[in-house]
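The following paragraphs lead the reader through a structure, beginning with a single chain and ending with one residue. Please keep the sequence and the model in view while reading.

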There are 2 protein chains.
Amino acid sequence: MKAYKIPEATVMRLSIYSRYLHQLMEEEIDTIASGDIARGVGVSSAQVRKDLAYFGEFGTRGVGYKVEELYSHLMKILGLDKRWSVILVGAGKLGSALALYHGFLDRGFHICTVLDIDEKLIGTKLNGVIIENVDVMNARIIENNIEIGLVTVPALSAQNVTDRLVESGVSGILNFTPRVLKVPNHIILRNVDLSVNLELLSFNLGYHYKR
Amino acid sequence: MKAYKIPEATVMRLSIYSRYLHQLMEEEIDTIASGDIARGVGVSSAQVRKDLAYFGEFGTRGVGYKVEELYSHLMKILGLDKRWSVILVGAGKLGSALALYHGFLDRGFHICTVLDIDEKLIGTKLNGVIIENVDVMNARIIENNIEIGLVTVPALSAQNVTDRLVESGVSGILNFTPRVLKVPNHIILRNVDLSVNLELLSFNLGYHYKR
């Protein structure tokens with residue numbers, strides 16, 4: 001295996017390629033050229049080849065890639081050939097939407113524990129999971145072997161919840177709040193401020209930053 | 001102005017810096033060194049300086065950056081010194097959560113039109129906006145000067161809705177569905193598959209791709 005550091009943009013594209021390959025599998029297409037993947041997802045075919053080259057040789061010259069084989073390679077690379085146990089803290093509007101979002105489970109992320117502090121929510125069900133009090137966080141993380149935490153609490157509680165998730169032993173945290181959070185070095189933190197994506201759009205629409 | 005192409009990762013970090021500066025403004029901090037910004041958001045200080053250098057000279061050697069001045073510069077660069085009109089198509093669970101998400105309006109994105117095809121939803125209110133039938137899409141985009149569309153419909157309707165948004169004149173589209181969408185070259189499309197972020201996490205947790 002090559003020892004290159006894989007750029008995050010490459011990993012993101014692998015995720016997109018894998019979805020596109022899944023679409024192709026549904027359409028019962030067996031083989032595909034890098035140029036067709038490129039057109040399908042809107043990048044250059046050189047980019048597709050470069051991204052895949054990080055992980056070895058997949059295609060056959062003149063034939064292209066076997067759709068199913070490439071798909072399962074990509075899923076393995078992305079760590080999606082297993083099921084991940086996920087805890088969601090904060091069952092408000094955004095938290096509920098995430099818990100109900102099919103896309104997570106489709107890709108192997110199983111939200112098995114949902115916590116809140118709101119007495120009106122505790123005891124009710126969200127996508128089949130009973131919402132529990134945050135007090136049980138540590139116990140649930142241990143008994144369910146939870147590795148990933150989603151933080152969807154109000155911004156002011158975000159650091160506190162994050163500290164508790166870290167103490168309880170999760171390895172990765174997705175922060176959906178606009179708060180900048182601090183975690184120890186061994187924890188992988190990703191910020192999914194939803195408006196960042198809108199801001200990338202507004203930046204690119206370029207109404208204001210004219211060169 | 002320099003004519004470099006700005007890397008997307010830089011734009012994302014500018015967005016994060018701007019939030020952090022906003023936190024500092026709330027704490028009434030006037031000036032800050034690049035090293036403190038770096039520690040606050042978890043990148044190297046060389047990275048902070050490099051990111052900001054794309055857009056000219058902001059700081060003063062030995063003094064650092066004026067928090068408020070840098071903040072307003074960044075907001076201008078990000079295209080956030082104006083209010084954007086946004087249409088949301090698909091008022092299901094995810095769409096409702098997005099419509100209710102304060103983070104958008106806080107950064108200047110105003111969801112002024114919400115459409116759906118579900119008769120049970122049409123006529124009800126979402127965050128003060130009456131949900132209307134998709135038939136009015138073209139009219140609303142024109143009368144509200146809408147530039148950005150959020151697509152939160154089921155995957156199978158996503159391309160169709162996108163085509164209609166493009167025909168109606170939006171310039172940018174955020175696709176929240178797992179579907180790979182096609183748009184003409186002049187349209188800026190971003191995919192916000194929420195599970196991509198989880199996949200970047202699972203990739204980095206590195207349980208399966210061991211070098």
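In chain A, 42% of the 211 residues are buried; a residue is buried if 20 or more other C-beta atoms lie within 10 Å of its own, exposed if 12 or fewer, and partly exposed in between, with C-beta atoms placed from the backbone. The model is a predicted one, in which local features need pLDDT of at least 70, side-chain atom pairs count only at pLDDT 80 or more, and totals for chains, interfaces and linings use all residues. Residues are numbered from 1 along each chain as its sequence is written, while chains are lettered from A and ligands numbered from 1 in the order in which they are written.

Chain A has nine helices and nine strands, these being DSSP runs numbered from the N terminus (helices: H or I, at least four residues; strands: E, at least two). Along the principal axes, its C-alpha atoms fill a box of roughly 60 × 45 × 35 Å. Two residues are in contact if their C-beta atoms, placed from the backbone, lie within 7 Å. Among contacts in chain A between residues at least 6 apart in sequence, 56% join residues at least 24 apart.

A turn of 180 degrees, with a shift of 0.0 Å along the axis, lays chain A on chain B with an RMSD of 0.0 Å; the superposition is by least squares on the C-alpha atoms of residues with pLDDT of at least 70 in both copies. The two copies are therefore related as by a two-fold rotation axis. The C-alpha of A:Ala97 is the nearest to this axis in chain A, at 3.1 Å.

Where the chains meet, each contributes to the contact: 58 residues come from chain A and 58 residues from chain B. On the side of chain A that touches chain B, α9(A) gives the largest share, twelve residues. Because 100% of the interface residues of chain A are also interface residues in chain B, the copies meet through the same surface.

The largest nonpolar core, a set of buried Ala, Val, Leu, Ile, Met, Phe, Trp, Tyr and Cys residues joined through C-beta atoms within 7 Å, has 118 residues. B:Val86 is one of those with the most contacts inside this core, and among the residues that B:Val86 touches are B:Phe109, B:Ile111 and B:Ile148.

B:Glu147 lies in the loop between α7 (137–143) and β7 (148–151) of chain B. B:Glu147 counts as partly exposed because it has 19 C-beta neighbours inside 10 Å. The residues that B:Glu147 touches include A:Leu205 and B:Trp84.

Conventions:
Lists of a residue's contacts leave out its neighbours within four places in sequence.
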